[in-house]
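Here's a quick briefing on one helix, the core around it and a helix it packs against. Have the model open as you read.

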Amino acid sequence: MFDVAVFGSLFLTLFVIMDPLGVTPIFLGLTAGRPAKVQKKMAFQAVCVAFGVITVFGIVGQQILDYLHVSTQALMIAGGLLLLLVALDLLTGKNDEPQQTKDVNVALVPLGMPLLAGPGAIVQVILAVQHAKGMEQVSVWVAILAIHVVLFLAMRFSLLIIRVIKDGGVVLVTRLAGMMLSAIAVQQIINGVTQVIRGG
């Protein structure tokens with residue numbers, strides 16, 4: 001039987017971690033300058049990548065980490081460092097240089113992973129799958145699917161904003177996205193380090 005409580009709990013947790021509303025300006029910043037058709041495709045690709053990564057880790061995540069002798073804390077710190085590098089590019093305007101980013105598919109990295117399918121989301125999914133029993137597994141996977149649908153809709157309709165804010169607004173959004181993303185990255189690193197200290 002479908003468990004509404006399990007679904008609601010995991011969906012809300014993933015909503016906070018994956019932050020569909022917060023990822024919108026970052027998506028706009030990373031895909032600025034590309035045709036609307038390409039941006040829509042990248043939104044879909046990013047969600048597919050995130051869903052694929054989350055699914056793999058949901059099924060065999062703990063086994064993968066155990067095999068590689070990698071802790072969830074190390075995963076969080078590594079993801080934070082990767083996001084910080086991307087944030088610095090946004091803040092310094094390096095992503096405004098077409099020759100460097102025109103052929104780069106940001107839908108894969110950093111959008112799909114580690115921004116959407118980040119260490120926090122991966123860890124929550126691993127734990128949710130481990131603790132779910134029987135039909136609760138259905139609720140867990142429906143919640144995972146639902147949050148990815150919400151993520152796609154948030155990025156897909158964020159393209160309408162571009163028509164309103166124009167190029168100057170996109171530059172502003174890009175800088176703000178870089179600042180937000182850097183804060184997310186630093187917080188992720190802090191969380192990882194804090195867990196290591198508490199565990200040690």
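A helix here is a DSSP run of H or I with at least four residues, numbered from the N terminus, and its expected span is 1.5 Å times one less than its number of residues. This is a predicted model, where local features need pLDDT of at least 70, side-chain atom pairs count only at pLDDT 80 or more, and totals for chains, interfaces and linings use all residues. Residues are numbered from 1 along each chain as its sequence is written, and side-chain values use heavy atoms, leaving out hydrogens and water.

**Helix 7**
- With 13 residues (119-131), helix 7 should span 18 Å, and its end C-alpha atoms sit 18 Å apart, so the two agree.
- Its buried residues (under 20% relative accessible area, 1.4 Å probe, protein chains only) include Pro119, Ile122, Val125 and Val129.

**The core**
- The largest nonpolar core (buried Ala, Val, Leu, Ile, Met, Phe, Trp, Tyr and Cys joined through side-chain atoms within 4.5 Å) has 47 residues, and Leu14, Leu111, Leu116, Met155 and Leu181 touch the most other members.
- Helix 8 (136-199) is among the elements giving two or more residues to this core, and gives the most, with 11.
- Beyond its neighbours within four places in sequence, Leu14 has contacts (heavy atoms within 4.5 Å) that include Ala121 and Val125.

**Helix 3 against helix 7**
- The axes, lines fitted to C-alpha atoms over the stretch in contact, with angles from 0 to 180 degrees between N-to-C directions, come within 8 Å and cross at roughly 75°.
- That makes the pair roughly perpendicular (65 to 115 degrees).
- Phe57 and Leu65 of helix 3 and Ile122 and Ile126 of helix 7 are among the residues making the contact.

Note on methods: Buried means under 20% relative accessible area, exposed over 50%, partly exposed in between (1.4 Å probe, protein chains only). Angles under 35 degrees count as roughly parallel, over 145 as roughly antiparallel, 65 to 115 as roughly perpendicular and the rest as oblique.
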